[in-house]
Amino acid sequence: MKDNKEIHESFFATPFFATEITEWIDKTNKLCKPHLDEAHERVEKTLKKSGTDFGHVYHSSNIQDDPKLKYLVDYVGKTAWNLLDRWGADLSNHTLVYESMWVQEFAKDGGGHHRIHIHENSHISGFYFLENDKASYPLFHDPRQGAAMTSLPQKDVNDISFQSRMINYKPEPGHIYMFPSYLPHEYVLSKGGKFRFIHFNIQAIPNYIMSNEGSV
């Protein structure tokens with residue numbers, strides 16, 4: 001086959017979106033404080049006995065219904081719709097809803113982390129980072145099971161290629177990441193210091209379910 005007839009394509013790629021909104025950091029930190037205070041209070045007695053919060057992750061309850069955070073909730077929702085549309089999804093008969101949205105921070109004494117996981121029954125997940133003393137960062141893993149079963153060595157682990165098994169991002173306050181919820185991710189063990197971010201998951205629900213048609 002002549003060179004001008006060769007075809008090189010990339011199939012089944014995983015999309016990833018990143019941006020930053022630094023002007024919301026101070027406001028969002030202030031509004032999230034009451035939610036994090038509750039998370040701290042829930043484990044205060046237990047951690048007081050141990051004398052350290054090493055290894056702990058403070059996890060708030062859902063915050064998407066907090067009216068003071070509507071600016072962030074609306075932005076994430078609209079961006080999620082635009083991303084799914086850009087990625088080729090037909091949303092004409094679907095409505096996007098929040099499955100969950102919470103703020104969390106890792107222990108100041110270090111040891112906070114998340115093991116590799118996905119978010120079932122959601123379509124877009126993401127983070128908005130509020131504080132980071134270079135304490136931790138997310139790792140994203142290749143979601144293709146078949147690729148993992150037949151993986152070959154990488155020529156250069158510092159390059160992003162078709163052989164990459166994982167990719168890391170080093171978030172700064174104000175960074176926002178959004179990605180398909182099937183993308184496996186984890187957070188490396190925190191070395192301690194400030195590390196706070198908002199995590200969210202969004203579902204695309206068929207409109208016939210939203211309108212209770214065919215409910216049991």
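Q: What share of the 216 residues of the protein chain counts as buried, and what makes a residue buried?
A: This is a predicted model. In the protein chain, 40% of the 216 residues count as buried. The cut-off is under 20% relative accessible area, so each of these residues falls below that value.

Q: What makes a run of residues count among the helices or strands of the protein chain?
A: A helix needs at least four residues and a strand at least two, as DSSP runs. By that rule the protein chain has four helices and 10 strands. Their order along the sequence is β-α-β-α-β-β-β-β-α-β-β-β-β-α.

Q: Why is the set with L72, V76 and M101 called a nonpolar core?
A: A nonpolar core takes buried residues of certain types, Leu, Val and Met among them, joined through side-chain atoms within 4.5 Å. L72, V76 and M101 belong to the largest such core, of 27 residues, so they meet these terms. V103, Y128, M178 and I198 are also among the members that touch the most others.

Q: Which elements supply at least two residues each to this core?
A: They are helix 1 (25-50), helix 2 (70-86), strand 3 (94-106), strand 5 (124-132), strand 8 (175-180) and strand 10 (195-206). Helix 2 gives the largest share, seven residues.

Q: What makes V76 and F200 a contact?
A: Contact means heavy atoms within 4.5 Å. V76 is in contact with F200, so the two have heavy atoms within that limit. Beyond four places in sequence, V76 also contacts Y98, M101, M178 and I202.

Conventions: Residues are numbered from 1 along each chain as its sequence is written. This is a predicted model: local features need pLDDT of at least 70, side-chain atom pairs count only at pLDDT 80 or more; totals for chains, interfaces and linings use all residues. Side-chain values use heavy atoms; hydrogens and water are left out. Buried means under 20% relative accessible area, exposed over 50%, partly exposed in between (1.4 Å probe, protein chains only).
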